[in-house]
Amino acid sequence: DHNKLALPVGTTLDRFIMRKQEDFPYATGELSQLLRDIALAAKIVNREINRSGLIDIAGAYGNRNVQGEDQQKLDVIANIRFIRALRNGGEVCTIISEEDEEMIQTGNNQGKYVVAIDPLDGSSNIDVNVSIGTIFSIYRRVSPTGREGTSADCLQPGTHQVAAGYVIYGSSTMMVYTTGNGVNGFTYEPSLGEFFLSHPDITTPQTGNIYSINEGSSESFSPGVAAFVKDCKDNKFSARYIGSLVADFHRNLLKGGIYIYPATAKGPQGKLRLMYECNPLAFIVEQAGGKSSNGFQRTMEIEPNTPHERCPVFIGSKELVEKAEAFLTKEK
Ligand code: AHM
Ligand code: MG
């Protein structure tokens with residue numbers, strides 16, 4: 001019944017976060033602060049991304065940084081920006097980032113939250129002006145505060161997420177997130193520097209006619225995946241694959257469809273990472289009425305073992321994910 005909490009389109013993200021906080025009985029405002037910290041870093045990263053096409057031009061005029069080094073890559077810049085925002089914000093003790101092998105201790109040992117983040121996903125698309133994204137997942141720590149976060153804090157199953165979201169840097173920049181009370185989308189207005197509620201209470205269609213999978217690997221699809229893809233073609237589905245997870249996911253969330261990254265010869269566990277790619281999007285899709293699994297098991301119930309582990313993913317409209325699962329079960 002998230003409708004009783006509805007706020008009008010055009011509400012700013014800050015106000016929305018504040019008002020929603022009043023709906024949590026024991027909320028202390030820490031999670032709200034954390035979400036605002038992420039939104040702030042997203043604005044900064046958005047600015048860097050928008051300027052990225054100009055870097056080469058500026059470089060041609062000798063515009064290197066003070067150390068005389070070339071500009072850092074945008075995914076590295078994004079990583080620095082998000083980590084800095086989470087460190088300065090004070091609510092997060094430990095971070096898992098795609099850009100860092102080890103867990104990052106922020107020094108905020110009183111922080112009650114841990115974050116898993118892919119600061120800039122789809123980064124091979126930056127140079128060619130294609131949409132890219134940030135994906136994040138928030139957990140409450142399980143170890144007592146007052147010391148560094150532990151791997152037990154970081155390696156919780158997706159069902160324990162307290163919030164998750166993504167930012168898509170596209171033709172418009174948007175932030176979409178859930179705290180387990182439905183999904184809301186905010187569009188960025190660059191001249192005002194604000195995110196505004198544009199997509200309240202997003203629900204995803206129960207079915208759809210878009211399938212998104214990299215068919216370049218079709219030679220190594222399992223029989224079940226191959227049969228499902230053939231079924232999509234028999235039903236005259238549209239194939240849509242940007243190769244930028246957030247963009248492919250966002251389109252399918254709004255229009256209905258299924259995104260698949262299956263096991264392949266190159267990646268027996270697929271390519272995508274459980275903690276900061278699959279789980280956050282799984283939380284969002286479920287909150288929007290869709291589904292996510294590894295083909296056999298609900299994504300959010302997978303017990304993680306390592307921060308960067310991968311898993312196959314079938315995510316999107318409920319009926320399509322269930323159909324794919326049925327094809328996989330039949331192959332066994
Ligand atoms: P990255 O984290 O190295 O950017 O890789 C993740 C990206 C996703 O955005 C995208 O869905 C996928 O890799 C595409 O992989 P492929 O080119 O194998 O289809
Ligand atoms: Mg990634």
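Colleague: Which residue in strand 6 does Ala 164 stand opposite?

Modeller: This is a predicted model, in which local features need pLDDT of at least 70, side-chain atom pairs count only at pLDDT 80 or more, and totals for chains, interfaces and linings use all residues. Residues are numbered from 1 along each chain as its sequence is written, while chains are lettered from A and ligands numbered from 1 in the order in which they are written. Strand 5 (residues 163-169) and strand 6 pair antiparallel over 6 bridges; strands are DSSP runs (E, at least two residues), numbered from the N terminus, and pairing requires at least two DSSP bridges. Opposite Ala 164 in strand 6 stands Thr 178.

Colleague: Which residue of strand 7 stands opposite Val 176?

Modeller: Strand 6 is joined to strand 7 (residues 183-189) by 5 bridges, and the two run antiparallel. They form a hairpin with 4 residues between them, and Gly 180 in the turn has a positive phi of about 90 degrees. Facing Val 176 from strand 7 is Gly 185.

Colleague: How many residues of strand 6 are buried?

Modeller: A residue is buried if 20 or more other C-beta atoms, placed from the backbone, lie within 10 Å of its own (exposed: 12 or fewer; partly exposed: in between). Thr 173, Met 175 and Tyr 177 point one way from strand 6, Met 174, Val 176 and Thr 178 the other way, and all are buried. For strand 6 (residues 173-178), the count is 6 of 6.

Colleague: How many residues join strand 5 to strand 6 in the hairpin?

Modeller: These strands pair in the antiparallel sense. The hairpin joins them through 3 residues.
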